[in-house]
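Please open the structure in your viewer and keep the sequence panel beside it, since the stops below are chosen by selecting residues in turn.

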Amino acid sequence: MKVRTRVTARTAGTRPLALLLALLLVVTACSTGSDGGPADDGLAAGSGAGQAGADDPVGGVEAPDEDWVVEVAFSNDTKLGGCAVGELDPGSPGGEIVTVAGDGQVWLTARVDGAWSSSSIAQLPGEAIGCVAADLLPEIPGDEIVTVGVTAGGEESGSPGVAHLLSRGADGWTTEVLLEDDALLHGVAVGDMDKDGVLDVVVAGYTRRVTVLGRDPSDSGWRTLGTGMLPDAAKSVVVLDPLGDRAGLAVVGCRDGSLIEFRLAEGGELARVDWAPGSSSQARLGALSPGVLVASDGGTLTFVKGDTRGPEFYASGDKLRGAMVADVDPGVGASRQACTAGYDGAIVVTGITSGESRVVARDDDRLHHLAVGQLHPEGPPSLVACGYSGRVIVVTHR
Ligand SMILES: [Ca+2]
Ligand SMILES: [Ca+2]
C-alpha cells in the first residue's frame, strides 16, 4: 500500500519564509488532492500534515519558538510508539523517518518534491513499540530497520515479544523475525558488540533479559552472541559509540530504576556492571560518551556514568520519553545539546554546557519517542518526535 499524505496548509505566521513554505504546501495540497488515483487510499491515516507557526498550531502542534521550524510530517489514526531516522531510501538525498504504530503498521515518511509523503512498508502481527535504523546488512544499500514489540495484539496483551528485521529488496521491503521472547520486547539498539567491524543488535524487554544478536559469518543468518539477566523489565537500551572505540558496551534501563552495563564475555554470557540507579523507570537512553543520557518516568533528564549520577539537565512535571544528544542548534557552537520529549507534549532542547532549556514544539498529547537525524540535505539535524496523537513532528533550527 502506497499512501501519500494529504497536506493541509494553513498560513504559518507572517514571516516571509513561513509564508513561502505555506504557499508551497497549498500548491502541494492541490496537486495531491486532484490526482484521485490509488494514492487516495488510506488518506484517513495520512492527513493533517503541515507547518505550525508560533500563534498558529497545526493539527494540535504548537511552535512556541520562532527560531525553530515545526512541521507535522505525518498524522496517523493510531499511537506511534517509536521513530528513527536513517538512510531508508538510498536514491534520495537526506534521511527518511520510520515510525511504528500500535496496530503493527510500519510507516516510512520522506520529503518528496518539497512535501512530506508517507507509505506503509510492513504490517506486523502485533504492536511495535520501538525501532532503530542502521546499516545492518552492508550488502544492501542504505539502512535496515529493527522493530520491537509483541507477536499479537497490543503491548498490554501479554503476548510473546518479538523483534523484526525489515530490509529493502528489489520488490519493496521484506520482514523477518530476528528473535521471539516470552514477553514484550521494549528496547532495541545497534552497535558492534563483538568488535568484528559489523553492527550487532541488542534487544531487551519484560522477560528481564537482554540478548545480543549478530550475523553468522558462515551463512549470514542471525545467531545469539550472548544473553544477560536484569533485575526488572527492560525499558530502554543504548550502545555507546556503536562503531568506535567504546563499541561493545551496552547500557540497559529498567522499570525499577536500575541501569545496567553489559559487555560480551566468554561463553555467551554478558558481563554485568550495575550503574548508579535512578528512583524511577529509566525510560529512554541516549549515548553521551563516556556515559549515557537518561530520561526517566520521574521527569528528569540526567547524565549517568558508572557510580556517578548527574548533572541533571532538565526536569519535567511528567514522564520523559526522549534522550538524544545532538547539535540541533548551530548557534550554540561546538557544544552538544541534550534533547527530550515527554508526556506533557513538549519537545525540549537543553544546552549541555549552558544549562539553558527551551521548548521548541508542543503536541497536544503524550509524546512517546524522540529521534534525531539529517532530514534536510543542508542545515542542522532535525528532531523527530511521535506519540499518542499519531503525529510525526519534525523540528529543525532555521
Ligand atoms: Ca544495508
Ligand atoms: Ca559485530
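The tour goes from the whole chain to its nonpolar core and then to a single loop residue.

Begin with the whole protein in a cartoon representation, bearing in mind that this is a predicted model. Its secondary structure consists of one helix and 30 strands, and of its 398 residues 52% are buried. Among contacts with a separation of 6 or more, 51% are between residues 24 or more positions apart.

Next, turn to the largest nonpolar core, which has 112 residues and in which Val252 and Ile347 touch the most other members. Strand β3, residues 68–75, supplies the largest share of this core, namely six residues.

Now select Ile347 and display what surrounds it. When neighbours within four places in sequence are left aside, Ile347 is in contact with Ala341, Val359, Val360, Ala361, Leu367, Leu370, Leu383, Ala385, Ile393 and Val395.

For the last stop, move to the loop between β8 (128–134) and β9 (144–150), where Asp143 is found. Is Asp143 buried or exposed? Asp143 counts as buried because 25 other C-beta atoms lie within 10 Å, against a cut-off of 20 or more. Not counting residues up to four places away in sequence, Asp143 touches Gly86, Glu87 and Leu88, as well as Ala133, Ala134 and Asp135. Finally, add Arg168 to the selection and check the distance between the C-alpha atoms: Asp143 and Arg168 are 25 residues apart in sequence and 8.5 Å apart in space.

How values were computed:
Residues numbered from 1 in each chain as written. Chains lettered and ligands numbered in written order. Predicted model: local features only at pLDDT ≥ 70, side-chain atom pairs only at ≥ 80, totals over all residues. Helix = DSSP H or I, 4+ residues; strand = E, 2+ residues; numbered from the N terminus. Buried ≥ 20, exposed ≤ 12 C-beta atoms within 10 Å, placed from the backbone. Contact = placed C-beta atoms within 7 Å. Core = buried A, V, L, I, M, F, W, Y, C linked by C-beta atoms within 7 Å.
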